[in-house]
Amino acid sequence: MRSLKALNLDTQWDYLPHKGTDAQVVDGHLEVRWVGGEHGFQAHIRRTVRPSLITLAGPPPNNTILITEHVTDGVAKALERMGWAGYVDAAGNASLAAPGLAVRVTGRSPRGEKPTHTAVPFSRTGLPVTFGILVAHLTGVVWTQRELAQLTKSSLGSVNRVIGGLRGRYLDDDGRVMRTRPLVDAWTAAYVETQPTMWPSKHYASDLWTDVRHLTSEDLPTGCLFSSELAAHHEGLPIRPATALVYCPTDRRTELIKAGRLRQDPRGSIAVRPTFWSPAMLPDVTEAPRFLIRADLLLEDDPRLEDLARELRL
């Protein structure tokens, strides 16, 4: 809390037993004292955060602030919109208000490189494996570790490390998911942060699919899946999709391009993204799992789509 001490504020921090869901957990109590008064805040600690994830979490417990590495303007606006009591970050930015207290420090840049998720299940190599674990759990299938490695294009060692990292908090001793929503939310947070550099999309225009609603499952090569806006439309959410996101195995991309007469266009309404799983993982379906659709909606950083993501039930 060095940034608060620099403002001549005394602080006392006490950890608290976790209460509520992972998305709205109260990690501790922050007491702030100044000449003439004091006030206590509940606090939620998260290393990194995006505006979309603040929106997804919904309103926090009363009198709760966020403590994190860096609060951008977008995150600050999302915190205010969702009713948070304020924030403090490691860069020195802060927003706190109480009777007799008003703190507002903005514009300070984060120190060093942008922090990233380092926990094995939510690392770049672990995300596909955790994705596969969630798919298996939500669809009721059972895969061996070797099968999971093949379906997620991962090594057997990576699968073993991910399961070990999840066991106790998200998985039971037998490797079964015991806390579905917290695991989905943790995966979503890491995926939203990592996806743009790990599995970037290419954008295309099409003379056939000028309205993306004309793009149907019959048009997709085997192994391709819809996600984001068009998939949300298919799920019955109130949206008129302006774009289509298609996950496509790399060896099927040429077939998809020919089917839609696609031509590369950075402003095109059709985005094609490589799958990070084997087609055998999701056979006989044409839409991505709902938790991936939700994550892709959040990636757009569009308040309209963030609200839709919250409506999408898992």
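This report describes the confidence, sheet, nonpolar cores and cysteines of a predicted protein model.

Residues are numbered from 1 along each chain as its sequence is written, and side-chain values use heavy atoms, with hydrogens and water left out. Because the model is predicted, local features need pLDDT of at least 70 and side-chain atom pairs count only at pLDDT 80 or more, while totals for chains, interfaces and linings use all residues.

**Confidence**

The predictor's confidence in each residue is given as pLDDT, on a scale from 0 to 100. Its mean over the protein is 88, and 94% of the residues reach 70 or more. Two stretches stay under 50: residues 19-23, with 12 contacts beyond four places in sequence, and residues 113-118, with 13 such contacts. Contact here means heavy atoms within 4.5 Å.

**The sheet**

Helices (H or I, at least four residues) and strands (E, at least two) are DSSP runs, numbered from the N terminus. Two strands pair if DSSP finds at least two bridges between them. An open sheet of seven strands follows the order S1-S2-S3-S4-S5-S6-S7, and its pairing is mixed. S1 and strand S7 (101-105) are the edge strands, each with a single partner strand, so one side of each has no neighbour in the sheet. From one strand to the next the twist averages 30°; axes are lines fitted to C-alpha atoms, for helices over the stretch in contact, and angles run from 0 to 180 degrees between N-to-C directions.

Several of the strand pairs are listed below.

| Strands | Sense | Bridges | One facing pair |
|---|---|---|---|
| S1 (residues 10-15) and S2 | antiparallel | six | Gln12 and Glu31 |
| S2 (residues 28-34) and S3 (residues 37-45) | antiparallel | seven | Leu30 and Phe41 |
| S3 and S4 (residues 64-68) | parallel | four | Ala43 and Ile65 |
| S5 (residues 86-89) and S6 (residues 94-98) | antiparallel | three | Val88 and Ala94 |

Between S2 and S3, His29 also stands opposite Gln42. The hairpin of these two strands has two residues between them, and Gly36 there takes a positive phi near 105°. Five of the seven residues of S2 are buried, so the rest of the structure largely encloses this strand. Buried means under 20% relative accessible area, exposed over 50%, and partly exposed in between (1.4 Å probe, protein chains only).

**Nonpolar cores**

A nonpolar core is a set of buried Ala, Val, Leu, Ile, Met, Phe, Trp, Tyr and Cys residues joined through side-chain atoms within 4.5 Å. The largest has 67 residues, and those with the most contacts inside it are Phe131, Ile133, Trp187, Tyr191 and Trp277. Helix H7 (residues 180-198) gives the most to this core, contributing eight residues. Beyond its neighbours within four places in sequence, Phe131 is in contact with Trp187, Phe276, Trp277, Met281, Leu282, Pro289, Phe291 and Leu292. Another core lies apart from the largest one; it has 16 residues, including Leu4, Leu9, Val32 and Ile65.

**Cysteines**

A disulfide is a pair of cysteine sulfur atoms within 2.5 Å, and by this rule the count is zero. The sulfur of Cys224 has its closest cysteine sulfur in Cys248, at 3.2 Å, which is too far for a bond. Both residues are buried: Cys224 has a relative accessible area of 3%, and Cys248 has a relative accessibility of 0%.
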